[in-house]
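Let's take a walk through this model together, from its confidence to a buried charge and its aromatic rings.

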Amino acid sequence: MTALVAVRHDLRIPERSLRALACATVALAPVEGYLLAVHGQLAKLAPALLAVTWVIVRVRERVPLRLHPVHAVLALFAVVVLVSAAVHAGEPYALEYARRWLPFLVVTAILVDVAAREVPIRALLVSAVAGAAVAGAGALYSLIAEGESRASGPLDDPNDLAHVLVAALPLVVPIVAARRRWVSALALFAGAVLVAGAAATFSRGGGLALTAAVALLLLRKVLPLRALAAAGAVLAVLVLGGAVVAEQELAKALQEKSFIASTNVDTRELRWQAAARILTEHPLLGVGPGGFRQEYAGMSHNAEVDEQSPVAHNMYLEVAAELGLPGFLLFAGLIGTAVVAGERALRRGADRYEVVAVQAGLLAVVVASTFLSEQYYLPLWLMIAVACAADLRTGSGIARPARDQ
């Protein structure tokens, strides 16, 4: 009897390891900047351990990958990235950016599989909120204690930080809906930190993304109007209090943001035009991963003397310019597959709060990425993975929703 219990306990260790590493991968992604400050490779540790553990567990248990249509799209997209990088291997950024793409594709494929089996979806959502809340706290610290005019926290660009925080904010809804008082209280506090941190970045794209996400939550009736009104009232009090306490600092930040905003409109238009020209001249395979940075100066006729190798500040145009039309269509197909998977999961009876929150998070990413290059941040890939995993859970007897959801 003792031996049987030991065997059962041993069999659960790999499952627990997968859960811990999947949650760690999600939770640590928003604070990548802090990890990089400690060691250049530390941010890669959790995803690498997750991948190794996942392979060991699947081989040991002789369990194949639980396939979803998104895996096929991921595989095809990876082929396009590799072929484009090989064709442009002589370019300075091609191999570096191909190495940035591939881990996200691999981690997404793994997260779909483990979230459909061992890892409860809500655990991933809690991890995402926790990690983003730490990043939000870092943003507020950088604003208040370090005197930055716009909060940046663990990321260099305040706009990128706003995207990460806003994408995580809808995920607070299913945690609060669990109706456990202490969990709900912590989730609400985390939500307040996310909102305050995002507001401290003064990001217009983040504001638009938040508006779109909240609108979807309201439209799909998972966010009560009373809760939104209460949150708005609390936020108004915090903003008013901050304005009174730090009036001069706030005025300075708004003045700087106003100046930067007018400049950004012009520069982004230049970059979008350059990306469009690149696509028309290289429609098949683009100019290779990271190639926009190399080609921008020439394509824009050196329009920005002080910015010779920037990003496009539009995820879709940047992907299209660098990977061509096939890469762009497959990339858009990943987002479309997640949307279809989420709707199908809802029709099959998936947890409505979880799935709609993920849809709202994905919408926030999609909107923010109109003004930012966000393909190299985890929120996009997490939302795709969780939506597809929910689809798999509701379509199979393996799902065990009563225990895991």
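Helices (H or I, at least four residues) and strands (E, at least two) are DSSP runs, numbered from the N terminus.

## Basis and confidence

This is a predicted model, in which local features need pLDDT of at least 70, side-chain atom pairs count only at pLDDT 80 or more, and totals for chains, interfaces and linings use all residues. Residues are numbered from 1 along each chain as its sequence is written, and side-chain values use heavy atoms, with hydrogens and water left out.

pLDDT is the predictor's confidence in each residue, from 0 to 100. Its mean for the protein chain is 85, with 83% of residues at 70 or more.

## A buried glutamate

Glu318 sits in helix 14 (residues 315-347). Glu318 is buried (under 20% relative accessible area, 1.4 Å probe, protein chains only; exposed is over 50%, partly exposed in between). It has no salt bridge (a side-chain nitrogen of Lys or Arg within 4 Å of a carboxyl oxygen of Asp or Glu). The nearest side chain of opposite charge, Arg100, is 7.4 Å away; Lys and Arg count as positive, Asp and Glu as negative, and His and the chain ends are not counted.

Contacts (heavy atoms within 4.5 Å) of Glu318, leaving out residues up to four places away in sequence, include His313 and Tyr376.

## Aromatic rings

Rings of Phe, Tyr and Trp (its six-membered ring) pair if their centres lie within 6.5 Å; planes under 30 degrees apart are stacked, over 60 edge-to-face, the rest tilted. There are 10 such pairs. Tyr97 and Tyr376 are edge-to-face, 5.5 Å centre to centre with 70° between the planes. Tyr97 lies in helix 5 (residues 94-115), and Tyr376 is 279 residues apart from it.
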